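Me: I'd like to learn to read a fold feature by feature. Can we start with strand pairing and work outward?

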Amino acid sequence: MNIILLGPPGAGKGTQARRLVDERGFVQLSTGDMLRAARKSGTEMGLIVADVMDRGELVTDEIVIGLIREQLDLKPDVPGFIFDGFPRTLAQADALEDLLNGMGRPLGAVIEMRVDDDALVARVTGRFTCASCGAVYHDTNHPTEQEGVCDECGGTEFTRREDDTEEALRRRLMEYYKKTSPLIGYYYAKGMLSTVDGLAEITAVARAIADLVGDASSDRSAARAL
Ligand code: AMP
């Protein structure tokens, strides 16, 4: 079962992907995380993408498709992949379809997380992450229970993303509407799109996604049984 979480920056894709990892043993493939890791370790590719990412623009299809291909090759036997922040262009969507079909493990569902833009600014600008385990928090909506200590791993170091400023977010949103939102129509036309309300409580969104994932896997077994 392979799933795409589709939505603008701050829609909650990463948070929901992490829950699917914890609860179902799926593997999260976040191109944003991969690119940030490449920057941090100072690889040549990391240096190339740094400015583009800070400006809130998209890096080239070639780079991100290469990253995804590498990960799919490394982990052929997992229960499923959750694509978080990928694909973001039609070229990436086509490449993903070819890669998954080539593995004999086609896409199961595309879940759009819908949120309005005003909510995104507040969400993104207050966001911080545990440097040890990656748990995501928010200054007002979801602070740590004990100030300065991660609820999940007890870590005491937190990071904020360079591109989580209001200015960069505006550019990331523009990129989303120009290049990524056409994927909503694309997957709708393929009969694969479902939508959840990304503004609902985290657990309510998780429940809605779990229902869709359950439905999509039972559709697949029904199709196999026919
Ligand atoms: P994210 O963590 O998904 O918000 O991604 C952070 C930044 O990484 C984006 O603003 C882009 O600059 C870059 N990026 C991540 N995924 C992609 C992708 N699929 N295509 C192009 N650029 C990407």
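Reply: Start with one pair. In this predicted model, S5 and S7 are antiparallel partners, joined over two bridges. Thr-129 stands opposite Thr-159 in S7.

Me: What holds strands together in general?

Reply: Strands of a sheet pair through backbone hydrogen bonds, either parallel or antiparallel. Here, S5 also pairs with S6 in the antiparallel sense, over three bridges. Arg-127 stands opposite His-138 in S6. Phe-128 stands opposite Tyr-137, also in S6.

Me: In what order do the three strands of this open sheet run?

Reply: The order is S6-S5-S7, with antiparallel pairing. S6 and S7 (158-159) are the edge strands, each pairing on one side only.

Me: How many residues lie between the strands in the hairpin of S5 and S6, and which residue there takes a positive phi?

Reply: Take the general idea first. Most residues other than glycine have a negative phi, and most peptide bonds are trans. In this hairpin, five residues lie between the strands, and Gly-134 takes a positive phi near 85 degrees.

Me: Which peptide bond is cis?

Reply: Look at the bond from Phe-86 to Pro-87, where omega is near -5 degrees. Pro-87 sits in the loop between strand S3 (81-84) and helix H5 (90-103).

Me: Next, parallel pairing. Where should I look?

Reply: Go to S1 and strand S4 (residues 107-114). They pair in the parallel sense over five bridges. The bridge partner of Asn-2 in S4 is Leu-107. S1 also runs parallel to S3, and three bridges join them. Ile-4 stands opposite Phe-83 in S3.

Me: Is S1 buried or exposed?

Reply: Check burial residue by residue; under 20% relative accessible area counts as buried. In S1, five of the five residues are buried, so the strand is largely enclosed by the rest of the structure. Then check each face. Asn-2, Ile-4 and Leu-6 are on one side, Ile-3 and Leu-5 are on the other, and both faces are covered.

Me: What follows S1 along the chain?

Reply: A loop lies between strand S1 (2-6) and H1, and Gly-7 is in that loop. Gly-7 counts as buried, at 8% relative accessibility. Leaving aside neighbours within four places in sequence, Gly-7 is in contact with Lys-13, Met-113 and Tyr-176. Sequence separation can be set beside distance in space. Gly-7 and Arg-160 are 153 residues apart along the chain, and their C-alpha atoms are separated by 20 Å.

Me: Now helices. Where is Gln-16, and which residues does Gln-16 touch?

Reply: Gln-16 lies in helix H1 (residues 13-24). Gln-16 is buried, with a relative accessible area of 4%. Not counting residues up to four places away in sequence, Gln-16 touches Leu-5, Met-113, Ile-202, Val-205, Ala-206 and Ile-209. Met-113 is also among the contacts of Gly-7.

Me: Which residues of helix H6 are buried?

Reply: In H6 (residues 117-125), they are Leu-120, Val-121, Arg-123 and Val-124. Next, ask what they pack against. The buried residues of H6 pack against strand S5 (127-130), strand S6 (136-138) and helix H7 (166-180). That takes us back to the hairpin of S5 and S6.

Me: How many helices and strands does the chain have?

Reply: Nine helices and eight strands. For overall form, set the radius of gyration beside a rule for globules. The chain has a radius of gyration of 17 Å, close to the 17 Å that the globule rule gives for 226 residues, so it is as compact as a globular protein of that length. The C-alpha trace spans about 55 × 40 × 35 Å along its principal axes.

Me: How do I read the chain-wide totals?

Reply: Take burial, contacts, surface and charge in turn. Of the 226 residues, 42% count as buried. Among contacts between residues at least 6 apart in sequence, 70% join residues at least 24 apart. The accessible surface comes to about 11,600 Å², and 50% of that belongs to carbon and sulfur atoms. Charge comes last. The chain has 26 positive and 37 negative side chains, and the centres of the two sets lie 2 Å apart.

Terms used. Residues numbered from 1 in each chain as written. Predicted model: local features only at pLDDT ≥ 70, side-chain atom pairs only at ≥ 80, totals over all residues. Heavy atoms only, no water. Helix = DSSP H or I, 4+ residues; strand = E, 2+ residues; numbered from the N terminus. Rg over C-alpha atoms; globule rule 2.2 N^0.38 Å. Buried < 20%, exposed > 50% of the residue type's maximum accessible area, 1.4 Å probe, protein only. Contact = heavy atoms within 4.5 Å. Areas by Shrake-Rupley, 256 points an atom, 1.4 Å probe, with all protein chains shown as cover. Lys, Arg positive; Asp, Glu negative; His and termini not counted. Charge placed at Lys NZ, Arg CZ, Asp CG, Glu CD. Pairing = 2+ DSSP bridges.
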